[in-house]
Amino acid sequence: MDIFSFRDRLINDYSEYVKSFMRFEREDLKKFVGEALDAGALWPDALIQLNPSFEPGKTIDALVTEGVLHKGSERIFQRDKTDEPGSGNPLRLHKHQEEAIRIGVHGDNYVLTTGTGSGKSLAYIIPIVNHVLKTGSGQGIKAIIIYPMNALANSQFGELEKFLKNGFGSGPYPAT
């Protein structure tokens, strides 16, 4: 299937449909509306996007083996997990995530800029969770995260809760 030809046929059919409802007494209005429709006033140009392929990094398990991350990270940060703790597979990071995590776990500052859906959130959540795993919880504030919108904060909270709940369920939590 030629998707561009399909789009052109779809736009043409829709244009004919829309025009079938239009009746003009004034020829100048008919010409103006016809030109606007022909110029694409009701439909934008085709949107073409590429899904970027990010360079692969190491798995969470490999970073645990190296001593970069706390052992509890293996249970928390898995892919394809269910409600059953330990049911998932090792989570492979993108290279930019791995590099940011390596910087973050040492307490150094970093700025990570990359596209939507590229895993920026994990690049700061993993160092925070790692810090809590290493130092223990319940001993004051460990991190402050500022979000520009409540919807994003709620979404991120849900993701973090999913990692933690599905990582440990009701316990036992890792020893510090």
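How many helices and strands does the secondary structure of the protein come to? It comes to 7 helices and 4 strands, and I should say at the outset that what we are looking at is a predicted model. Read from the N terminus, the elements follow the order α-α-β-α-α-β-β-β-α-α-α.

Let me start with confidence, since the rest of the talk leans on it. The average pLDDT of the protein is 85, and 89% of the residues score at least 70. Among the elements, helix α3, residues 60-66, has the highest confidence, with a mean of 96, while α7 has the lowest, with a mean of 80.

As for the overall packing, the protein has 176 residues, of which 26% count as buried. If we take the contacts with a separation of 6 or more, residues 24 or more positions apart account for 61% of them.

One buried position that I would like to show you is S73, which lies in helix α4, residues 73-76. S73 counts as buried because its relative accessibility is 0%, where the cut-off for buried is under 20%. Once its neighbours within four places in sequence are set aside, the residues in contact with S73 are I60, V64, N130 and L133.

Now to the second largest pocket, which holds about 320 Å³ of space. Three elements give two or more residues to its lining, namely β4 (92-94), α6 (120-135) and α7 (150-168). The largest share comes from α6, with 4 residues. In total 17 residues line this pocket, and those that lie nearest its centre are S118, G119, K120, S121 and L122. Sorted by class, the lining of this pocket is made up of 9 polar, 5 nonpolar and 3 charged residues. A point of caution for anyone who wants to work with this pocket: α7, which contributes to the lining, is also the element where confidence is lowest.

Let me turn to the charged pairs. In general, side chains of opposite charge can pair when their charged atoms come close. In this model the count comes to 8 salt bridges, and I will go through a few of them.

Take D38 and K19, whose side chains meet in a salt bridge at 3.2 Å, N to O. This pair links distant parts of the chain, with D38 in helix α2 (residues 27-38) and K19 in helix α1 (residues 3-19), 19 residues apart. D38 is exposed, because its relative accessible area of 61% is over the 50% cut-off, whereas K19, with 27%, is partly exposed.

Another pair is E74 with K71, where the closest N and O atoms of the salt bridge are 2.6 Å apart. Which of its two partners is buried and which is exposed? E74 counts as buried, because its relative accessibility of 18% is under the 20% cut-off, while K71, with a relative accessible area of 56%, is exposed. Elsewhere, salt bridges that share partners join K58, E66, E98 and R102 into one network.

Finally, D8 forms a salt bridge with R7, and here the closest N and O atoms are 3.5 Å apart. D8 has a relative accessibility of 47% and therefore counts as partly exposed, and R7, at 24%, counts as partly exposed as well.

Conventions: Residues are numbered from 1 along each chain as its sequence is written. Side-chain values use heavy atoms; hydrogens and water are left out. On a 1 Å grid over the protein atoms alone, a cavity is a set of points where a 1.4 Å probe fits but cannot get out, and a pocket is an open set with protein on both sides within 12 Å along at least five of seven lines; lining residues have an atom within 4 Å of a point. Grid points are joined across faces, edges and corners, and a volume is the space filled by probe spheres set on the points. Ala, Val, Leu, Ile, Met, Phe, Trp, Tyr, Cys and Pro count as nonpolar, Asp, Glu, Lys and Arg as charged, and the others, Gly among them, as polar. Buried means under 20% relative accessible area, exposed over 50%, partly exposed in between (1.4 Å probe, protein chains only). Contact means heavy atoms within 4.5 Å. A salt bridge is a side-chain nitrogen of Lys or Arg within 4 Å of a carboxyl oxygen of Asp or Glu. pLDDT is the predictor's confidence in each residue, from 0 to 100.
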